[in-house]
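Pull up the model and rotate it a little before reading on. We'll start with what "buried" means here, then walk through the fold piece by piece.

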Amino acid sequence: MEAAGPRSRDARGRAASPPGSRAEKSPPESRKVYMDYNATTPLEPEVIQAMTEAMQEAWGNPSSPYPAGRKAKEIINAARENLAKMIGGRPQDMIFTSGGTESNNLVIHSVVKHFHKIHAAVGDTAEHPSPVEGALPHIITCTVEHDSIRLPLEHLVEEQVAEVTFVPVSKVNGQAEAEDILAAVRPATCLVTIMLANNETGVVMPVPEISRRVRALNQQRAAGGLPGVLVHTDAAQALGKRRVDVRDLGVDFLTVVGHKFYGPRVGALYVRGLGELTPLYPMLFGGGQERNFRPGTENTPMIAGLGKAAELVTENCEAYEAHMRDVRDYLEERLAAEFGKRIHLNSQFPGAERLPNTCNFSIQGPQLQGRLVLAQCRTLLASTGAACHSDHGDRPSPVLLGCGVPLDLARNAVRLSVGRSTTQAEVDLVVQDLKQAVARLEGQA
């Protein structure tokens with residue numbers, strides 16, 4: 001029996017289907033089943049409608065006073081409110097960006113600049129040397145972050161602009177442990193950036209605990225004249241799959257990525273008490289849009305789509321989560337039934353919560369590298385890990401290795417991520433496709 005999608009979704013139409021999916025009624029031999037929703041998601045019909053209406057009715061410059069401009073400004077303001085509501089924040093704390101990469105770089109750039117600005121000022125006026133005088137700003141992250149965090153931090157180290165500690169995740173639960181993060185703090189530490197959920201394993205990081213521990217530490221640091229440590233989380237993978245609330249997380253910055261929750265390829269950045277409590281410095285300079293924090297004429301249609309996608313998440317997140325978990329659990333049951341002891345579920349860690357839609361697994365066998373298995377599949381559309389690493393050939397995922405997955409298993413890994421409209425019938429097709437792919441690789445077909 002197929003698992004039904006959330007009833008609230010059926011009443012308004014299902015998510016747009018990827019090319020070649022069942023919705024296009026293609027012949028069975030050419031039918032494709034998409035299970036790479038952690039890489040990107042299709043646009044919801046309501047999102048497409050919101051973007052189309054904005055292009056037709058709100059084509060004016062949002063800074064202009066005539067009707068088409070005022071309409072654009074209204075749409076942007078409404079989208080900002082929807083984004084804030086989705087994450088439990090305030091509209092005035094939301095800044096629109098081009099996507100997750102820009103948001104993450106903006107946080108890193110701002111914190112480094114703020115460190116230099118504050119300590120240059122202190123050095124000019126203080127009678128006694130600052131406790132961090134002469135030190136480079138120090139940032140703490142973990143070893144399984146997305147490249148849009150890892151690469152800018154590595155660049156800062158190469159340029160000798162900052163120092164960075166990459167804290168290993170636990171090989172027991174795949175998480176960045178709060179104790180290890182706190183142990184890495186130095187006098188010059190100014191930022192901790194830890195993703196909310198990993199894109200390959202689905203493991204949810206203990207961000208609330210890390211934030212709580214950092215806040216307590218900041219009280220001690222203030223008494224000793226040390227800078228406060230800010231906390232950022234990249235929530236790209238978590239939004240739309242589980243409840244995300246900045247008040248519970250306790251973070252100063254949170255990155256929003258639209259195309260991970262059925263929205264367009266733009267994003268946003270939440271900054272707690274923007275301009276009051278938490279510093280933000282622009283990387284671009286121009287016409288003053290977004291209160292000068294991110295200037296440039298606003299992309300009204302994309303922002304409209306982002307706002308609609310956020311509204312749908314606010315209304316339906318529990319239903320989305322329940323449906324995806326049911327289908328993911330069924331997928332793992334079918335894999336275990338079909339492959340028995342040969343299957344290894346790389347994303348199941350004791351004591352760690354994970355995203356409801358993510359299944360990372362390996363089928364044991366010397367000829368069953370993940371890339372080769374997927375190349376033999378005729379129905380399944382998926383990946384071995386992060387889409388931005390798709391050209392890395394047979395190199396095993398550093399994320400899986402860092403989580404303690406043995407080399408031979410990591411090399412064979414396949415990541416399946418289900419979506420809002422994935423069905424149990426599609427799972428059955430995928431498992432059968434994988435079975436046939438394995439048989440072909442092992443010379444049995």
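A residue counts as buried when its relative accessible area is under 20%, as exposed when that value is over 50%, and as partly exposed in between. Keep in mind that this is a predicted model. Now try the cut-off on N198, a residue in the loop between β5 (189-193) and α7 (207-223). Its relative accessibility is 1%, and because the limit for buried is under 20%, N198 counts as buried. Which residues does N198 touch, leaving out those up to four places away in sequence? They are V144, V203, Q237, L355 and V399.

With that cut-off in hand, step back to the whole chain. Of its 445 residues, 56% count as buried. The secondary structure comes to 13 helices and 12 strands. If you take the contacts between residues at least 6 apart in sequence, 74% of them join residues at least 24 apart. As for the outside, the accessible surface is about 19,000 Å², and carbon and sulfur atoms account for 52% of it.

Next, find the parallel strands. Strand β3 (residues 138-142) runs parallel to strand β4 (residues 163-167), and 5 bridges join the two. Put your cursor on T141 and you'll see F166 of β4 standing opposite. On the way from one strand to the other comes helix α5 (residues 147-158), and β3, α5 and β4 together make a right-handed β-α-β unit.

Does α5 look straight or bent to you by its span? At 1.5 Å a residue, its 12 residues should span 16 Å, and the end C-alpha atoms are indeed 16 Å apart, so the expected and actual spans agree. The buried residues of α5 are D147, S148, I149, P152, L153 and L156. After the helix comes Q160, with a positive phi near 55°.

Strand β3 has another parallel partner to look at: 3 bridges join β3 to β5. Here H138 has T189 of β5 as its bridge partner. Strand β5 is mostly covered, with 5 of its 5 residues buried. β5 also pairs with strand β6 (residues 230-234), again in the parallel sense and over 3 bridges. One pair to pick out is L191 with L230 in β6. Add α7, and β5, α7 and β6 make a right-handed β-α-β unit.

While you're in this region, have a look at E353. This residue sits in the loop between β9 (343-345) and β10 (358-363). Is E353 buried or partly exposed? Its relative accessible area is 39%, and because partly exposed covers the range between 20% and 50%, that is where E353 belongs. Leaving out residues up to four places away in sequence, E353 touches Q175, G202, V203, V204 and R242. V203 should ring a bell, since N198 touches V203 too. E353 and M205 are 148 residues apart in sequence, yet their C-alpha atoms are 8.1 Å apart in space.

Now for helix α9 (residues 300-339). A straight helix of 40 residues would span 58 Å at 1.5 Å a residue, but the end C-alpha atoms of α9 are only 49 Å apart. Where does α9 bend? Look at N316, where the bend is about 75°. The residue following the helix is G340, whose phi is positive, near 60°.

Stay on α9 and find L335, which lies in this helix. With a relative accessibility of 0%, L335 counts as buried. Leaving aside neighbours within four places in sequence, L335 is in contact with G340, I343, C359, F361, V431 and L434. So the list includes G340, the glycine following α9. L434 is 99 residues away from L335 in sequence, and 9.1 Å away in space, C-alpha to C-alpha.

Finally, back up to the loop between β8 (267-271) and α9, where you'll find R291. R291 has a positive phi of about 55° although it is not a glycine. N292 lies in the loop between β8 and α9 as well, and its phi is also positive, near 75°. Are these two buried or partly exposed? R291 has a relative accessible area of 41%, which makes it partly exposed, and N292, at 46%, counts as partly exposed too.

Terms used
Residues numbered from 1 in each chain as written. Predicted model: local features only at pLDDT ≥ 70, side-chain atom pairs only at ≥ 80, totals over all residues. Heavy atoms only, no water. Helix = DSSP H or I, 4+ residues; strand = E, 2+ residues; numbered from the N terminus. Buried < 20%, exposed > 50% of the residue type's maximum accessible area, 1.4 Å probe, protein only. Contact = heavy atoms within 4.5 Å. Areas by Shrake-Rupley, 256 points an atom, 1.4 Å probe, with all protein chains shown as cover. Expected span 1.5 Å × (residues − 1). Bend = angle between axes of the 7 residues up to and from the residue. Pairing = 2+ DSSP bridges. Right-handed = clockwise from strand over helix to strand, strands pointing away.
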